[in-house]
Amino acid sequence: NNIQVTVSGFAASGVILTNASNTTTGTIDTNDISYRVRISDAVAGGGVSGNFDVLISVNGPSGSATKHFYGILRAAQEINIPNPEVEKAAQIAYIGITAGDIYVSGVGALENAVITYEVRDSLGLPVAPSPRYGATFSSNFYPNVFVNGGTSPRLIPSNDSTDSNGRLRASIVSGSQAGVIEVAAQIILENNKIINSQPVRITVHAGFPDQKHFSLMPSRYVFPGWGYLFIPYPAFTVAIGDTFSNPVPKGTAVYFHTQAGIIETGKEDFNAYTDRDGIASVGLLTVNPRPEFSPYYDNTFLSGRLGGHWVWAQSQGRDGKKVIDSVLVIWNRAPIIVVQQPPSISMARFDTSGLFTLEVTDANGNPLCDGTTITASFVIPAGTSGVAFDSYGDLPVTIPNAASARFPGPGTTVFRFGVTDNSTPPGASATTCKITIDAPGLERRTVSIPVSLH
């Protein structure tokens, strides 16, 4: 966007504009959106006097805008020279900071920030280049009380003097301790009057991955994948915090490795570096080596069943210490095995049967993948009316995505169900209970159980 300042009116020829043309930089830093233009008398103590009009116009891709204001160029004899005391330092204004968050040294993240102040006179204008005003900077550091040791952040320099624009600068450099640092500037004037700035607070984050704040989580604990490349890839996400329960810096590296298959890692086109929330996530390719031969499957945790293997994620903590977490996942393998079912069901008409056991696994004896549904339906004899049956107990059921769903037992491989005859007389003398096991991406199987009524 182009910024132009022009002058018109009777006294336009009597003033000079400095820095009347600017172009915006496109920055998103709100500390860098101010522009200055100086209006000066063309002839000191003489020349034309009268009214003049100032027009500020901005034009560019964002649109256009204008602003008018009016001035008077007075004759020299009309000017009242202000008291020199007015132009002396009266306040210290906070202008901005390069970063409101920094990190302890050594983590590869931003370790310093610069605070800019402006010394202004009693009219709110920057003080003149001369005399220069000396300021001292002070700081208070409030460290995290739950973690002892380390060095505090430092102020460099501890003092400064105003530049040609009346500005002061102080730099904060982090140490090895996290917390909040509060910085203030002070000027002592000739008459021993003291002016202070408002305090500026900066957070110093620890940044180092901490073992107690390191968690690896799979998008699925049990999934199809045996015999073909399962897409979308099962995701493995790590959440990393520092010792103070804050997310580690964006871009913290995480290394993933797996006992079976192939797992993404690195930075190029992958997400094995943390985002602003301390999260990194990659995908597992369900390809060779499959978890069916040593050392590519867990030989003990699943009691020797094939199909289960470990995935690890690790990063580097303070003092080079390795932080690591791991998770056990299971690949399903077809076909679905019905280990146990009632061969038949016998029950009284218009009554409820007892409970029967249904046990189902994949080909390796593992629970079926999350999202698997097991439902019961009934074959109604043709030409009959008022005949209705239903199941009760564990059916229907949907296997959840849960860590507990990796292990055989009630709710994962073993289900108890019964039949209820909701018919009205005369009802039916027999029906067939059809158990449908639908494991998405793996297989669909139906088991038929004859039901006789007496």
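User: How many salt bridges does a search of the whole structure find?

Analyst: Welcome! The search finds 8 salt bridges. Please keep in mind that this is a predicted model.

User: What makes R36 and E118 a salt bridge?

Analyst: Their closest N and O atoms are 3.0 Å apart. The cut-off is 4 Å between a side-chain nitrogen of Lys or Arg and a carboxyl oxygen of Asp or Glu, so R36 and E118 qualify.

User: Why can one say that this pair ties together separate parts of the sequence?

Analyst: R36 sits in the loop between β3 (21-23) and β4 (38-41), while E118 belongs to strand β9, so the parts they tie together are 82 residues apart in sequence.

User: Why is E118 called buried, and why is R36 called partly exposed?

Analyst: Buried means under 20% relative accessible area. E118 has 2%, so the word fits. R36 has 49% relative accessibility. Partly exposed covers what lies between buried and exposed, and exposed means over 50%, so R36 counts as partly exposed.

User: What makes R201 and E182 a salt bridge?

Analyst: Here the closest N and O atoms are 2.9 Å apart, and the limit is 4 Å, so this pair qualifies as well. R201 lies in strand β16 (residues 200-205) and E182 in strand β14, so the pair links parts 19 residues apart in sequence.

User: How do you know whether E182 and R201 are buried or exposed?

Analyst: E182 has 14% relative accessibility, and buried means under 20%, so E182 is buried. R201 has a relative accessible area of 54%; exposed means over 50%, so R201 is exposed.

User: Which residues does E182 touch, leaving out those up to four places away in sequence?

Analyst: E182, found in strand β14 (residues 179-188), touches S138, S139, N140, Y142, P199, V200 and R201.

User: What makes D438 and R444 a salt bridge, and how accessible are they?

Analyst: The N to O distance between their side chains is 3.1 Å; with a limit of 4 Å, the pair is therefore a salt bridge. D438 is partly exposed at 24%, whereas R444 is exposed at 56%.

User: Which residues are joined into one network by salt bridges that share partners?

Analyst: That network is made of R36, E118, R120 and R167.

User: How do you know that strands β9 and β13 pair?

Analyst: Pairing needs at least two bridges. β9 (residues 112-120) and β13 (residues 167-173) are joined by 7 bridges, so they pair, and they run antiparallel. In β13, A170 is the bridge partner of I115.

User: What is the strand order in the open sheet of 4 strands, and why do β7 and β11 stand at the edges?

Analyst: The order is β7-β9-β13-β11, with antiparallel pairing. β7 (91-97) and β11 (154-156) each have a single partner strand, so one side of each has no neighbour in the sheet. The twist averages 30° from one strand to the next.

User: Which residues have the most contacts inside the largest nonpolar core?

Analyst: They are V238, F256, I374 and I435, in a core of 57 residues. Strand β24 (residues 322-332) gives the largest share of this core, 6 residues. Apart from it lies another core, of 32 residues, among them V119, F137, F141 and I187.

Key
Residues numbered from 1 in each chain as written. Predicted model: local features only at pLDDT ≥ 70, side-chain atom pairs only at ≥ 80, totals over all residues. Heavy atoms only, no water. Helix = DSSP H or I, 4+ residues; strand = E, 2+ residues; numbered from the N terminus. Contact = heavy atoms within 4.5 Å. Axes fitted to C-alpha atoms, helices over the stretch in contact; angles between N-to-C directions. Core = buried A, V, L, I, M, F, W, Y, C linked by side-chain atoms within 4.5 Å. Buried < 20%, exposed > 50% of the residue type's maximum accessible area, 1.4 Å probe, protein only.
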